[in-house]
Amino acid sequence: MRSLAVLTLVLVVASAGCAPAAPRPEMTPVQTARSDSTSRGWSRGGVCYEIFVRSFYDSDGDGVGDLNGLIEKLDYVNDGKPGSQRDLGASCIWLMPVAESPSYHGYDVSDYYKVDREYGTNDDFKRLITEAHRRGISVLVDLVLNHASSEHPAFKEAQRDTASPFRNWFRWLPAHPGVRNRWGGDNWHRSSVRGDYYYGFFWGGMPDLNYENPAVLEEAKNISRFWLVEMGVDGFRLDAIRHLIESEQGAITENVPATHAVLRDYAAYIRRIAPHAFTIGEVWDSTGAMLPYYPDQLDSHFAFEVADSVIAAVRSGSARKLFPPLVRIQQAIPDQRWAPFLRNHDQTRTLTELGGDVSRAKVAATILLTLPGLPFVYYGEELGMTGNKPDERLRTPMHWRRARAGGFTTGSAWQPLQADSLTANVEAQDSDPASLLNLYRQLIHLRTANPALATGELIPLNTGNDAIAAYLRREGQRAVLVLSNLGTTALTGVRISSADSVLRAGRYRPMALSGNRSSALLRVGSDGRIRDFSVLFRIPGKSSHIFELDFEGR
């Protein structure tokens with residue numbers, strides 16, 4: 001997908017029968033040595049914050065969030081001040097699509113080389129990168145390579161002219177093939193121009209790109225190089241990658257073997273031109289379906305099965321199904337190559353899933369931010385913002401203050417705010433030490449500072465009670481114990497045990513990092529096993545507690 005200006009030039013010259021347009025200028029390769037804010041070190045112990053620019057902060061009163069508004073609010077994400085605890089402490093932001101698009105969400109791109117005019121300009125984006133890096137924030141952008149917009153000039157020409165070089169950038173059939181996908185959906189759409197059919201998995205406004213045509217993959221690389229080199233981003237979240245290639249005329253729509261070959265080629269290119277760039281893919285599927293996307297494709301992928309298991313455990317009050325998907329993914333994938341999360345822009349928000357129960361939301365946040373991997377947090381989750389389908393209501397404006405439009409805009413917000421905007425906002429929670437916002441702040445800063453929470457192995461522990469989720473995070477000789485009572489009833493006399501070789505033999509004093517204190521010593525035998533450690537304090541229902549295990553000797 002070439003920029004609108006470049007593509008227009010190509011079409012005009014071609015129609016005149018002249019030589020093809022000059023190629024895009026060669027860009028300077030990304031420097032291998034990068035500042036601390038843009039090296040891959042940010043991901044070790046880091047947390048990434050997902051932002052929908054349209055809904056984050058409006059700087060000019062038109063009701064639509066923009067890049068200058070995001071710049072104004074970067075200190076909320078991370079103020080770059082060592083020792084500060086008033087920011088979230090996130091080391092990365094993921095921006096939902098910011099390229100030119102005819103839709104509010106941006107997932108149908110009409111110009112891959114231009115920032116959406118409602119958000120600002122390319123220069124505004126470069127200023128955002130500068131300001132983010134100055135605060136130690138790396139920036140990932142959503143890259144939509146599975147499909148383009150039906151308004152993209154390449155698709156419009158392909159519709160009009162069957163002899164166009166862009167015709168084979170998309171999939172066409174003269175008549176409907178009569179096939180449906182495994183969900184019963186119809187992915188073939190009739191063209192209003194010629195009456196033939198093109199393939200678009202999501203809808204007719206998003207025609208899929210044809211990666212069996214090498215020119216399409218080359219253009220995907222050009223787009224990526226532009227954003228990495230010219231615009232200065234630190235990497236990409238790649239949308240809908242399991243759908244890159246289809247087979248059997250679209251009857252099989254996901255996880256086709258040829259998709260892996262495309263991603264290997266693409267990932268090798270990114271590593272070559274930008275060794276420190278980070279790529280994370282959306283494979284919305286089970287862990288088993290995700291594993292073939294390793295080891296030599298993208299750097300990381302979102303752990304959807306883990307997200308569902310955390311929500312289900314907290315909602316049901318039972319830890320029974322929490323650990324199996326965690327153990328499986330940990331055994332299969334290095335911890336910096338998978339990303340746990342609770343919910344994203346396509347899913348019912350966490351507090352809504354949990355029936356509006358803030359205590360449960362706190363437990364879910366504690367579990368998320370004490371798991372291995374690179375956690376992602378969707379904007380507003382730290383406030384307990386609510387939201388359910390349709391999609392627009394999952395992506396409503398951020399609640400900043402007790403004010404009209406939640407302090408998001410001085411005009412009329414592009415989407416009405418949620419009904420809880422007067423309580424689930426930054427102003428209301430900022431000075432309340434018991435607020436959900438301040439719990440997120442505490443946990444993110446704690447994760448960054450504590451090596452066991454940052455990069456340690458997760459070791460499930462036994463309690464004999466399904467309501468208690470207990471696990472260690474262990475890094476070298478350092479260990480952290482996490483206890484969550486998922487149930488509604490306070491519990492006393494909880495006893496914890498483990499398998500062999502979880503800790504070195506000796507005595508440990510649990511030192512509270514979050515929640516209650518316990519003075520009882522934890523003893524580990526010569527076999528490295530915890531046997532019947534008694535939790536002395538009463539564990540309230542729907543509460544979590546984190547302890548550093550301080551080794552006192554044998």
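**Exercise 1. The cores**

Which residues have the most contacts inside the largest nonpolar core, and how many residues does this core have?

*Solution.* Start with the model. It is predicted, so local features need pLDDT of at least 70 and side-chain atom pairs count only at pLDDT 80 or more, while totals for chains, interfaces and linings use all residues. Residues are numbered from 1 along each chain as its sequence is written, and side-chain values use heavy atoms, with hydrogens and water left out.

Step 1: fix the term. A nonpolar core is a set of buried Ala, Val, Leu, Ile, Met, Phe, Trp, Tyr and Cys residues joined through side-chain atoms within 4.5 Å. Buried means under 20% relative accessible area, exposed over 50%, and partly exposed in between (1.4 Å probe, protein chains only).

Step 2: read the result. The largest core has 142 residues. Tyr49, Tyr76, Leu95, Phe125 and Trp227 have the most contacts inside it. A second, separate core has 25 residues, among them Leu472, Phe533, Ile539 and Phe547.

Step 3: take one residue. Contact means heavy atoms within 4.5 Å. Leaving out residues up to four places away in sequence, Tyr76 touches Tyr49, Asp87, Glu382, Trp400 and Arg441, among others.

**Exercise 2. The empty space**

Describe the largest pocket and the largest cavity.

*Solution.* Step 1: define both. On a 1 Å grid over the protein atoms alone, a cavity is a set of points where a 1.4 Å probe fits but cannot get out. A pocket is an open set with protein on both sides within 12 Å along at least five of seven lines. Lining residues have an atom within 4 Å of a point. Grid points are joined across faces, edges and corners, and a volume is the space filled by probe spheres set on the points.

Step 2: the pocket. The largest pocket holds about 520 Å³. Of its 20 lining residues, Phe202, Met206, Asp239, Asp346 and Asp391 are the closest to the centre. The lining splits into nine nonpolar, four polar and seven charged residues. Here Ala, Val, Leu, Ile, Met, Phe, Trp, Tyr, Cys and Pro count as nonpolar, Asp, Glu, Lys and Arg as charged, and the others, Gly among them, as polar.

Step 3: the cavities. There are six of 30 Å³ or more. The largest cavity holds about 80 Å³. Its lining includes Pro97, Tyr112, Asp142 and Trp227. Nine of the lining residues are nonpolar, none is polar and one is charged. Strand β5 (138–143) gives the largest share, three residues.

**Exercise 3. The sheet around β5**

Place β5 in its sheet and find the edges.

*Solution.* Step 1: the terms. Helices (H or I, at least four residues) and strands (E, at least two) are DSSP runs, numbered from the N terminus. Two strands pair if DSSP finds at least two bridges between them.

Step 2: the order. Eight strands form an open, parallel sheet: β12-β11-β10-β9-β5-β2-β1-β13. β12 (338–339) and β13 (376–378) each have a single partner strand, so one side of each lacks a neighbour in the sheet.

Step 3: one pair. Four bridges join β5 to β9 (235–238). Leu140 stands opposite Gly235 in β9.

**Exercise 4. Alanine 520**

Is Ala520 buried or exposed?

*Solution.* Step 1: accessibility. Ala520 has 14% relative accessibility, so it counts as buried.

Step 2: location. Ala520 is in the loop between β18 (506–514) and β19 (522–524). These strands pair antiparallel over three bridges.

Step 3: contacts. Beyond four places in sequence, Ala520 is in contact with Tyr508, Pro510, Phe533, Ser534 and Leu536. Tyr508 has Leu522 in β19 as its bridge partner.
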